[in-house]
Every structure is written in C-alpha cells, then in structure tokens.
Amino acid sequence: MYERGVYDTPREGTDVSVGRLAATVERLRREVREAHAAAEGRALIEMAKGILVERLGCGPAQAARQLATLADQAGLSQLELAADLIDQAAHDRLTEAAREFLARAQEGHRAQGRGGDREQGGDREQGGGNAPSLSVRLRTAESGALAADDTQAVAESLLEHALTPLGATAVAIWAAGTDASLTLAGSAGYAAEEAARWHYVPPGVATLARRALTERRPVWFASPAEAGLPTLGRRQAPEGCRVTVPADNGGRILGVLEICWPGPLEPQPPQVQRQIEALAELCAHTLDSRGPADAARSGDVLQARHPGVSELVDFADGLLDPALVLVPQLDADGRLADFRIHHVSAHFVDPVGRPRGTVAGSLLLEAYPMAVGDSGLFEKIEHVHATGEPFRADRMVLRALVGQVPLKVEAAVSISRHGDNVLLIWRIQDEAARLASVLQHAQRLGRIGGFEENLVTGEIVWNSQLFALHGLPPTAAPIPLEQLPAHTHADDEAAIGRFLRTLLHHRRPASTAFRLQRTDGIVRHIRVVAEPALDAEGRLIAVRGAYQDVSAQHWTEVALGATRDQLAQTEQQAAERNRMTLQLQRAIMPPTRGPIEAGGLDIAVRYRPAEKDHLVGGDWYDAVVLPSGQVLLSVGDVAGHGIEAATGMVVLRNALRGLATTGAGPAQILSWLNTVAHHLTENVTATAVCGLYDPGTRTLRWARAGHPPPVLVRREEAITLPLAGGLLLGAIAEAGYEEERLTLEAGDMLLMYTDGLIERRDRSLQESLDQLMALARDSGATLDKQLDRLLTYSNSDTDDDTCIVGVRMR
C-alpha cells in the first residue's frame with residue numbers, strides 16, 4: 001500500500017507539470033512569431049511613415065498617429081495599410097502584381113456571392129484573416145532583400161515571405177556571367193551539399209535555368225525528368241514542377257530565378273505569374289547592386305565585370321577591323337529601347353561611306369534603321385546584351401540606305417557584351433578578294449594552272465598550280481610554249497605542233513590534249529587551252545591560257561571502256577547460257593501436249609515458260625502410264641532460275657519416273673526423291689505433288705512435298721484437297737510424307753499446278769487460290785479449253801514458270 005501511494009501521487013503531479021510546460025512553450029513560440037512579424041513589418045511601417053511625412057508635411061510622431069488613425073478607419077492592420085501606401089507611391093511591378101491579384105480576388109468573391117469580411121479585406125488570401133495579404137508579403141520580401149547582406153539571404157527572404165504561401169519548397173538565384181555561364185548566387189530549401197555541387201555551370205551546358213536565359217522569357221516545366229534537363233535539386237524533387245524566370249534589369253539579363261514545387265502543379269493564374277516576375281525583377285536589382293563582391297561571398301568562380309566603357313573604347317581602337325561601342329538606352333519604363341553609338345573605332349568603315357563623325361553619338365536605329373528586320377542585326381545585339389552569349393557569323397547580310405536606295409553588303413560580324421555595354425565588330429567582304437579566293441579554290445580542285453607569256457619581253461608568269469602540274473619547284477624557270485614539244489610524249493608531238501601553229505601563226509584560240517613527260521618520269525594527261533593577245537595594229541604580243549590535268553578523267557574513261565567490253569562479253573555469255581537453258585527445258589517440257597487417254601482418264605498438260613530468258617526456272621510435269629497399269633501424275637518446282645534449276649529439274653523428274661516403276665506408293669516415292677535431292681544434287685531444293693491413279697478402283701493416291709494441294713472440281717464446285725504433311729525436297733537428309741486417297745467420280749476434274757499460276761506480289765496466296773477455284777468451277781468447256789482459259793486469266797504477276805496437269809474422269 002505504501003509503495004503504491006508513493007508512485008501514484010507524483011505521476012498525477014507530473015502530468016500537470018508537462019501540460020504547463022507545453023503551454024509555456026507554445027506561448028513563447030507565438031511571441032517569437034509575433035516578434036518576427038513585427039520586426040519584418042517595422043521596415044514597411046517606417047517607409048509608410050516617411051511617405052506620410054512627405055505628403056502631409058508633418059513630423060514623424062504625427063505621421064505615426066495618422067497611420068494608426070487611418071488603419072482603424074479602414075479596418076486594416078497598420079502593416080497592411082503601410083503596404084497599400086507604398087504600392088500607391090511606387091507604381092512598380094510589385095504594385096501591379098498585388099493590384100491584379102486584388103482585382104481577380106474581388107471578382108471571384110462577388111461571383112460566389114460572398115461579402116462581409118472577405119470583401120473588405122479583398123487582398124487577403126483564402127485561409128482566414130490572419131494570413132498576410134499579397135501586398136504585405138511582397139513588400140516584406142522586398143524589404144528583406146534590400147536589408148540582406150548577400151544573395152543567399154535574399155533567397156531565404158523570398159522563400160519565407162513570398163514563395164512558401166504559393167506552395168513552393170525551394171528557390172535558387174543564378175547569376176549570369178558575361179560568358180553566358182551561370183553561378184548559384186543564393187539558394188534556399190536545398191540541401192547544402194546539393195547547392196555546393198551546383199555552384200557553377202559552364203557556358204553551353206543545357207539546364208533548366210539556361211532555357212530562361214536563352215529564350216528570355218519565363219519557362220514552366222512539369223518536371224526536370226520530363227524536360228530531360230539537369231538542374232539543382234533534381235534528386236530532391238524529381239517530379240516537382242519548376243519555373244525559371246530571367247532576372248531582367250533595363251533589358252540586360254543579370255541572372256535567373258528558379259522556383260521548385262514538391263510535386264505536379266496546375267497551370268498558375270496570371271496574377272501568380274506576375275508575382276513571380278516581380279520577384280525576378282527584385283533579384284535582378286539585388287544582383288546588379290551587389291556585383292562581384294557578393295559573388296565572391298557566395299563562392300562564385302565568375303570573374304569580375306569587364307572594364308568600363310573607357311577601357312572598352314581603348315580596346316576597340318586597338319582593333320584593325322571596324323568596331324562600334326554601344327551603350328544601352330532605356331525608355332521611361334526602364335526597358336531597353338535602343339543602343340547609343342558611344343564610340344566609333346579608328347579603323348571604322350561605314351557600309352555607305354559616311355565619315356565617323358556622322359555616326360558617333362547617334363542611336364543605332366537612327367544611323368542604321370535597316371538593322372531591324374531581314375538582317376536581324378539589332379535582334380542579335382539585343383540577345384547578346386540580354387544573355388551575355390557572344391555571337392559570331394562569318395557571312396551576314398548588312399543592309400543600309402543610300403538616299404532611298406537600299407544597299408546590301410556581306411560582312412563577318414562579331415558581337416560581345418562587356419559589362420553593360422556591347423562591342424560590335426564587322427569586316428566588309430571584299431568582293432574581288434572573295435572571287436579571287438573562290439577562283440583559287442576552283443583551280444586547285446580542278447587541277448588547273450594558268451599562264452601568261454609575253455612574246456615581246458619574253459616574260460612568263462605561271463601560278464603555283466601550274467608548277468605543281470609540271471612537277472617543278474616554285475623557284476624553277478617556267479617552260480615557254482615553243483619548248484613544249486620537248487616535254488611531250490612522242491606520239492603527241494603532231495597534236496602539239498598543230499596547237500602551236502593555230503595559236504602563234506594563225507593567231508586563233510586553240511586547244512589540244514597531250515601527254516606531258518615530267519622531269520620526274522611521271523606522265524600526266526593534260527589539256528591545254530590558250531588564246532592570243534593582239535595590239536592595236538594586230539600584232540601578237542602575248543599568249544594567255546591554262547593547263548588542266550585530266551589524268552583521272554582519262555584513266556576513268558579507259559577503265560570505263562574496259563568495263564563496257566567486259567560487260568558486253570558477260571551479257572553475250574549470259575544470253576548464250578539462257579538460250580541453252582531454254583532449249584534444254586523446252587526439249588524436255590514442250591509448252592503444250594494434247595489430251596491423252598489412259599485408264600478412263602482424259603489428261604492434258606500445259607507449260608508456260610517465263611517471259612524473260614534469265615528467269616527460266618525448274619518447273620516440271622509428268623503424266624505417264626506405268627507398267628503396272630497405274631497412271632503417274634506429278635508436278636514440281638525447283639527453287640531458283642537458270643541452268644542450275646533446269647538441270648536440277650531434269651534430275652528430279654527422271655528420278656521420280658524411275659522410282660514410280662518400283663510399285664511403291666506416292667509417300668514412299670517422295671521420301672526416296674528427297675534423298676536424291678539431298679545427296680545426289682548440289683544444293684537443290686524443290687516442291688512436288690506425286691499421284692498414282694488405279695483405273696480398277698478409280699482411286700487416286702497422292703502425297704505432297706511443300707507444294708500447293710491439287711484442286712478438285714466436282715459438280716461445278718471447286719475445293720482444294722486436304723493438306724497432306726510433307727517437307728520440301730532436299731531440305732534435310734531424311735523426311736517422311738503423308739499419303740491421301742481420293743475416289744474419282746464421273747465428270748470430276750483434278751488440277752495439279754505450280755505456284756507460277758497463282759502467285760501475286762500484292763495479295764495473299766489464299767486470295768489467289770480462291771480466284772483460281774472460281775475460274776475452275778466453269779467446267780462445261782473441254783479440258784484443253786479449260787486449261788487454256790486458266791492460263792489466260794491467271795492473275796499471277798511474278799513472271800515465273802507455270803505448269804498445269806488437268807485430269808477429267810469420263
């Protein structure tokens with residue numbers, strides 16, 4: 001009893017103490033939050049007091065009392081009223097974002113029939129009166145950014161005051177370097193090791209932030225994985241929505257604001273997008289005011305800004321190419337409107353011939369109004385100024401006006417940003433020099449060497465290519481035309497003689513081809529073309545011309561001629577081979593055989609060879625009465641075309657006829673024939689149908705080796721016989737075959753054929769077979785006419801051999 005009482009009493013006291021401690025902790029937390037809110041709002045209230053002092057002409061104490069009185073009358077807190085006063089006085093992008101949000105919120109409340117407190121505190125967000133208004137949040141974030149020591153503190157302030165209420169969990173501020181690199185100037189919500197890994201992104205590396213830098217607009221991403229681009233915190237929130245917004249200040253993009261949400265996000269309304277753009281502008285002001293010192297505190301590896309405009313002027317004057325130093329000109333809203341030509345370099349050459357003094361000091365679009373439009377020069381300058389990414393073009397069209405006449409010139413252009421200024425360098429293309437360069441390359445590629453020989457002074461001028469054609473060093477003496485026969489192959493001396501007589505004696509242009517004997521023993525095939533130059537009295541004073549090395553063309557023509565001869569011989573041999581093959585096939589397989597009578601059957605056969613000789617194949621048929629009185633009926637098709645297929649057909653057809661005399665059944669005959677095809681022929685495969693008809697029982701026993709089954713026409717109905725199992729001949733060493741039986745009735749017609757009758761490239765084999773059976777149903781004609789009709793209306797388009805064996809029971 002005693003021990004139980006000892007432990008029971010303190011337990012009840014402990015619960016009471018814990019409850020009191022929790023209440024104390026909660027109270028302290030609330031006081032801390034209120035102290036933070038008061039500290040954060042104190043700057044806004046002090047700014048509002050200053051506005052009232054300026055407008056009312058009163059002292060600070062009276063301004064404080066007036067602020068409290070106005071807040072009570074409006075039913076707002078002093079912090080909210082202070083934010084409204086600052087918005088009215090500022091008229092900046094933060095004000096626009098807050099007003100747009102307020103207007104849309106009021107429209108939504110009226111549409112839902114809401115009034116009272118919601119409408120009075122119209123810019124309060126949903127969630128109760130304790131939530132700070134959008135204007136308060138933005139102004140608090142702004143004051144926090146202005147008071148921050150570095151960009152890291154700015155990022156933390158933006159996340160805490162403006163972005164967390166939007167559901168964002170992380171923010172990054174990237175500083176753009178003059179070389180289009182990116183440096184992480186500040187971040188909040190990301191792990192420290194992740195931020196350390198992403199402190200610098202070199203130029204040219206594609207990231208989410210670089211998209212906003214190059215496209216110069218806000219870019220929304222459903223997720224980094226979907227965009228396929230790396231970025232800060234991808235492992236932390238792989239499926240999180242991202243937005244990257246360029247931080248623009250006066251048309252120059254100083255960095256990028258990147259915001260991360262933990263998961264997918266619905267499309268945001270315009271007021272939220274305006275709020276984010278306002279925050280990006282605040283980041284631009286922060287990056288511009290802190291500059292290199294802030295970057296150094298953030299661990300930035302970017303170099304300091306380039307020297308100012310005076311150093312850039314000295315640099316431009318040191319260039320040998322024309323250069324302009326451009327300074328951005330902003331409009332009343334702080335947006336880029338034009339560039340002023342601050343300085344014109346010493347070697348400046350104007351496309352329209354104006355002196356330097358008329359260009360310097362003027363606006364770029366005033367001096368060169370056609371820089372906008374087709375040439376795109378102004379757009380390129382604007383992009384370089386905004387992103388810091390340099391632009392280079394070897395050939396760019398520049399346009400200018402001479403009076404009212406447009407002038408178009410080509411130039412090599414270089415554009416780069418230096419601090420807040422832009423350096424534009426161009427080099428006008430010299431048309432004559434460019435054409436000379438093109439001609440020089442054409443001569444080199446065409447192996448052409450030019451010359452000019454002065455017959456009065458004896459001076460000879462060769463270009464470098466001509467020395468190379470002759471195999472001479474550039475320091476050697478050129479060879480005069482009169483000495484050309486000494487360097488010519490003996491068989492071509494007559495042609496060179498005619499060339500020189502026409503050129504020098506008759507004074508007419510001339511050309512010829514000859515073999516040049518070089519001093520190094522190499523023979524080159526050359527074509528020379530020349531024309532005389534006459535003075536005013538008609539006297540010959542000079543000769544100009546060119547040599548062209550046509551050796552490659554000559555040997556190509558020689559090789560082509562030999563190839564033609566070889567091809568003609570090959571074609572002749574192929575034609576002879578095809579003719580022999582066709583003769584062999586037709587000797588064994590005549591195209592038509594009249595009907596024969598055997599054992600109560602009318603038998604007719606048809607053979608149609610391929611239309612093209614080189615497609616002569618190995619189709620065969622056979623219909624013969626065996627010594628046993630049975631009738632052998634067979635068709636077959638050897639794979640391939642040409643003499644090999646024809647000889648393979650002869651072997652298999654004769655072997656089948658010989659094996660049938662043994663008295664074995666069709667299945668056994670095909671099994672033996674498979675052995676013949678596999679062992680006694682060279683790589684021959686074939687399909688076949690073999691049938692034995694017994695006149696006494698009117699029974700047909702048949703088997704197939706991979707061949708289409710026969711077609712039976714009975715009482716104007718056509719069907720295909722069952723598919724008896726059996727592999728094509730010659731595929732394997734040993735194969736078994738199934739045997740089927742059919743009892744023929746009076747008037748039955750049986751068709752055995754090769755696939756050349758039905759194969760088409762544009763339809764299935766079954767469709768062609770259905771058409772064959774539709775034609776075969778009309779059995780009123782004689783057997784010969786029926787077979788001729790089947791060949792005539794065959795829908796085959798493969799130009800293959802075709803065999804048909806037709807049998808009609810009497």
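Student: What makes residues 1-11 a stretch to treat with care?

Tutor: pLDDT, the predictor's confidence in each residue from 0 to 100, stays under 50 over residues 1-11. The model has one contact (heavy atoms within 4.5 Å) beyond four places in sequence for that stretch. Where pLDDT is low, predicted coordinates shouldn't be read in detail. This is a predicted model, in which local features need pLDDT of at least 70, side-chain atom pairs count only at pLDDT 80 or more, and totals for chains, interfaces and linings use all residues. Residues are numbered from 1 along each chain as its sequence is written, and side-chain values use heavy atoms, with hydrogens and water left out.

Student: How many contacts beyond four places in sequence does the model have for residues 104-131?

Tutor: 30, although pLDDT stays under 50 there too. For the protein, mean pLDDT is 76, and 71% of residues reach 70 or more.

Student: Why are strand 3 and strand 4 called edge strands?

Tutor: The open sheet has six strands in the order 3-2-1-6-5-4, with antiparallel pairing. Strands are DSSP runs of E, at least two residues, and helices are runs of H or I, at least four, both numbered from the N terminus. Strand 3 (200-201) and strand 4 (219-221) each pair on one side only.

Student: What makes strand 5 and strand 6 a pair?

Tutor: Pairing takes at least two bridges found by DSSP; residues 242-249 and 252-260 have eight, in the antiparallel sense. Arg 242, for one, has Cys 260 in strand 6 as its bridge partner.

Student: Why do the buried residues of helix 12 line one face?

Tutor: Leu 312, Val 313 and Ala 316 are the buried ones, meaning under 20% relative accessible area with a 1.4 Å probe, protein chains only (exposed is over 50%, partly exposed in between). Seen down the helix axis, they fall within an arc of 105°, so they line one face; that arc is taken from the directions from axis to C-beta atoms.
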